[in-house]
Amino acid sequence: MTVVTSRDAETIIIGGGLVGTAIAYGLARQGCKPLVLDGGDRDIRAARANFGIIWVQGKGPGMPAYQRLTRRSSDLWPDFARDLREFTGIGLDYRCTGGLSFCLGADEFSARSAVVQRMSEEFGEATYDTEMIERSVVERLLPDLRLGQDVVGAVHCGRDGEVNPLRLLHALQTAITTLGGSVLGDENVTSIVPRTGSFIVTTATCTYHTPKLILAAGNGTRELAQQVGLDIPIRPQRGQLLVTERMAPIFPLPTVPLRQTAEGSILIGSTQEEVGFDTGTNTAGAGRMAERACRILPALENVNIVRHWAGLRVMTPDGHPIYAQSPTFPGAFCTICHSGVTLAAAHALEIAAALMGDVLPDHLKPFHPDRFHVSAAN
Ligand SMILES: Cc1cc2nc3c(=O)[nH]c(=O)nc-3n(C[C@H](O)[C@H](O)[C@H](O)COP(=O)(O)OP(=O)(O)OC[C@H]3O[C@@H](n4cnc5c(N)ncnc54)[C@H](O)[C@@H]3O)c2cc1C
């Protein structure tokens with residue numbers, strides 16, 4: 001027999017992935033005692049399946065506000081990582097060395113150049129941190145690698161970096177509880193009932209009452225958001241990843257699609273597939289990733305693959321984040337992004353504070369989902 005209990009909480013965050021825990025940590029740093037209700041191990045969880053790069057280049061085409069948010073997060077990352085490490089004793093393997101996206105062939109190089117040029121113009125400031133570099137410059141940045149002949153150059157951004165995402169999640173959970181908050185697993189929310197000035201949040205074992213609710217349930221957010229009057233148009237996008245056996249350190253910086261972990265494995269990423277909620281892996285995806293990886297670094301042909309997994313990104317129609325407040329139940333907020341590693345510092349150190357207020361600040365307005373509901377007459 002399950003005994004259903006009742007409990008009050010000053011703020012409830014639904015979802016204990018990297019978005020939910022980063023925001024909860026930020027709230028806890030400000031003296032709030034957040035309660036994070038997370039699902040179980042059989043849930044779809046991007047926080048446990050990602051590539052671990054803090055990636056600025058390429059983020060925000062068509063939305064300069066997202067370009068600025070990503071850069072702000074990258075700039076906050078050193079303090080964020082240091083504080084978390086000092087507070088929890090958990091090392092994050094964080095480093096900000098700059099990063100590269102390889103271009104194979106002249107067509108790829110010129111297509112990427114056009115995107116960088118357009119984003120630079122949209123950003124609209126005199127200096128831009130992302131640039132195209134020729135093969136000879138790539139070789140100087142990666143002196144221990146013998147690149148394949150197809151590599152003609154790369155996109156380079158000095159603000160890109162990397163982290164161990166599982167250690168990050170562990171550190172955030174530890175910090176939240178040490179600061180007086182709670183993270184409860186296997187506590188799937190089955191319904192939210194808005195009342196005047198409060199919400200009744202129900203799970204299989206407990207009924208919670210809270211005046212403030214933050215939805216950060218990744219791909220589970222859409223249904224929850226509808227219950228507080230928010231239409232959040234998200235879809236899952238599958239990403240498969242390969243992991244090699246451990247090797248001596250050869251990558252001094254992260255690249256797309258190759259990143260060497262602190263332990264020595266090389267992560268080979270990642271597919272972008274529209275297959276709904278299918279988390280399966282397949283040889284076709286593995287083959288495409290392995291083929292591109294070997295064109296970049298032919299020595300990988302002799303390296304063993306030891307793992308292959310897939311996760312589901314949380315995708316909005318334009319790929320940019322959503323920060324929204326319910327118009328009908330203003331105590332409810334929603335946070336969605338497909339870049340929760342990159343944005344973790346901003347979520348903890350700035351967005352959390354914004355969610356403490358009664359109204360979302362102006363600089364977050366471009367991220368409202370109203371942008372997807374512009375009528376044809378406009
Ligand atoms: C293959 C891949 C590679 C990626 N690489 C990168 C990268 O290199 N850099 C980067 O910045 N980002 C990357 N991402 C994205 C990143 O992993 C996510 O943005 C990040 O994990 C944040 O996700 P989230 O917290 O929104 O969702 P999730 O991590 O999916 O967490 C959502 C949580 O909500 C819980 N939940 C769902 N429904 C309910 C409910 N009803 N009640 C209670 N709890 C519920 C789930 O149990 C889950 O724990 C990648 C993602 C994938 C899939």
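Strands, helices and the ligand shell

Me: What makes β11 and β12 a pair of strands?
Reply: Strand β11 (residues 198-202) and strand β12 (residues 206-210) run antiparallel and are joined over 4 bridges. Pairing takes at least two bridges, so β11 and β12 count as paired. One bridge joins Val 201 to Tyr 208 of β12. The model is predicted.

Me: Why are β1 and β10 called edge strands?
Reply: The open sheet has 4 strands in the order β1-β12-β11-β10, and its pairing is mixed. β1 (5-8) and β10 (191-195) each pair on one side only, so they are the edge strands. From one strand to the next, the twist averages 20°.

Me: How do you know that α2 and α5 meet, and which residues do so?
Reply: Leu 84, Phe 87 and Thr 88 in α2 meet Ala 171, Thr 174 and Ala 175 in α5. Contact requires C-beta atoms within 7 Å, therefore these residues count as meeting. By class the contact has 4 nonpolar residues, 2 polar ones and no charged residues. Thr counts as polar, which means that Thr 88 and Thr 174 fall in the polar class.

Me: What describes the packing of these two helices, α2 and α5?
Reply: A pair of packed helices is described by an angle and a distance, both taken between the axes. For α2 (residues 64-88) and α5 (residues 165-178), the axes come within 10 Å and cross at roughly 60°.

Me: Why is the crossing of α2 and α5 called left-handed or right-handed?
Reply: The crossing is left-handed. That name applies because the near helix is turned anticlockwise from the far one by less than a right angle.

Me: What makes a residue part of the shell around the ligand, and how many residues surround the ligand?
Reply: The C-beta atom must lie within 6 Å of the ligand, and 41 residues surround the ligand on that basis. The closest are Gly 17, Gly 39, Gly 218, Gly 220 and Gly 340. The shell divides into 20 nonpolar, 17 polar and 4 charged residues. Gly counts as polar, so the closest residues belong to the polar class.

Me: Which elements and domains supply the shell around the ligand?
Reply: α1 (18-29), β14 (235-244) and β18 (305-315) each supply at least two residues. The largest share, 4 residues, comes from β18. Domain 1 (5-53 + 165-234 + 320-372) and domain 3 (235-315) each contribute at least three residues to the shell.

Me: Where does domain 2 lie relative to domain 1?
Reply: The domain assignment gives domain 2 as 99-157. The C-alpha centres of domain 1 and domain 2 are 36 Å apart.

Terms used:
Residues are numbered from 1 along each chain as its sequence is written. This is a predicted model: local features need pLDDT of at least 70, side-chain atom pairs count only at pLDDT 80 or more; totals for chains, interfaces and linings use all residues. Domain bounds come from an automatic or database domain assignment. Axes are lines fitted to C-alpha atoms, for helices over the stretch in contact, and angles run from 0 to 180 degrees between N-to-C directions. Two residues are in contact if their C-beta atoms, placed from the backbone, lie within 7 Å.
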